[in-house]
Amino acid sequence: MSFIEACDLQMVYGEDDSAVHAIRDISLEIEEGEFVAVMGESGAGKSTLLDVMGAMAEPTRGRIVVDGIDIYAISAEKRADFRREYLGFVFQNFHLVNYLTVLENAMLPLATTRLSRKEKTEMAQAALSWVGLGEKSHRMPNEISGGEKERVAIARAIVNDPPLLLADEPTGNLDARTSEEIMGLLRRLNQNGTTVFMVTHSLRCAESAKRRLTVSDGMIVEDSGRARGRLYSLPNPLDGVAAATL
Ligand code: ADP
């Protein structure tokens, strides 16, 4: 069994005439330790897929099993436990809380755990050191650069050492050099064993991934190949168009 198995996913927003088929039909297997980049045009369904995989939006059909856990078949409480234990999120635009320090931002995912304040502080400080911000933990978000904010977002995502990191456009607002630094961090995280699933518009960033998926109109139209050397590719209806527009 694969680490992540998504079967026959469908996600429809709204009903009847106003129904939007954000995901039409997606099945996907991801092995532990993979680094997957999801590409595709705006509105293709990438963020919806990320939300569904992150136990944040129940699909209208299909199921997702992560490490043997059928994440929408369990109670909301167990699902919250699952998110806490298994997932780290890097959202678009950092999503830092402006009135909390860098350290307090990095501690946020630990808020509902039973750890002591001291343990939480040590874990957040270790995560910040890992991303190279150990010395800036007492600054406020408006006192650091965009690239540093993204590092805080990554430290917050990995503070509880989750096996799976979900990232939505982690370099969306960053210049080329800073983007490369951030991708270096994600590659290092992946080399340490974390499975990374990342939505990106950037071909350059997608090159960091060992596997690239292209989503179009709610379906995977291209899959560069799974880990374990098994390569396959579906016919791509966007052939010739994709490279110019992505
Ligand atoms: P992408 O991330 O590739 O830009 P999204 O997953 O955000 O695509 O959106 C896929 C489609 O679903 C789009 O047509 C979008 O307008 C629609 N959509 C996304 N979220 C919602 C929502 N909460 N309600 C209604 N439609 C939505």
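When I speak of a contact today, I mean heavy atoms within 4.5 Å of each other, and I should add at once that the model on the screen is a predicted one.

With that in mind, let us start at Leu 165, which, leaving aside residues up to four places away in sequence, touches Gly 88, Val 90, Ala 157, Ile 158, Leu 186, Leu 189, Thr 194, Thr 195, Val 196 and Phe 197. Leu 165 is also among the residues with the most contacts inside the largest nonpolar core, which has 37 residues, and it shares that standing with Phe 35, Val 90, Leu 128, Ile 154, Leu 186 and Met 198. At least two residues of this core come from each of several elements, including strand E3 (35–39), helix H4 (117–130), strand E7 (164–168), helix H6 (176–191) and strand E8 (195–199), while H5 gives the most, with six residues. Separate from this is a second core of 33 residues, and Ile 26, Ile 30, Leu 50 and Tyr 72 are included in it.

Let me turn now to the ligand. Its surroundings consist of Tyr 13, Val 20, Ala 22 and the residues Glu 41, Ser 42, Gly 43, Ala 44, Gly 45, Lys 46, Ser 47 and Thr 48, which by class makes four nonpolar, five polar and two charged residues. Oxygen atoms of the ligand lie 2.7 Å from a polar backbone atom of Gly 43, 3.1 Å from a backbone N or O atom of Ala 44, and 2.8 Å from a side-chain N or O atom of Lys 46. Of the 570 Å² of accessible area that the ligand has on its own, the protein covers 58%. Strand E2 (20–30) and helix H1 (46–53) each give two or more residues to the shell, and the largest share, three residues, comes from H1.

Technical notes
Residues are numbered from 1 along each chain as its sequence is written. This is a predicted model: local features need pLDDT of at least 70, side-chain atom pairs count only at pLDDT 80 or more; totals for chains, interfaces and linings use all residues. Side-chain values use heavy atoms; hydrogens and water are left out. A nonpolar core is a set of buried Ala, Val, Leu, Ile, Met, Phe, Trp, Tyr and Cys residues joined through side-chain atoms within 4.5 Å. Buried means under 20% relative accessible area, exposed over 50%, partly exposed in between (1.4 Å probe, protein chains only). Helices (H or I, at least four residues) and strands (E, at least two) are DSSP runs, numbered from the N terminus. A residue is near a molecule or strand if one of its heavy atoms lies within 4 Å of it. A polar contact is a pair of N or O atoms within 3.5 Å; within protein, one must be able to donate a hydrogen and the other to accept it, and residues adjacent in sequence count only if both atoms are side-chain atoms. Accessible areas come from the Shrake-Rupley method with a 1.4 Å probe; for residues, only the protein chains shown count as cover. Ala, Val, Leu, Ile, Met, Phe, Trp, Tyr, Cys and Pro count as nonpolar, Asp, Glu, Lys and Arg as charged, and the others, Gly among them, as polar.
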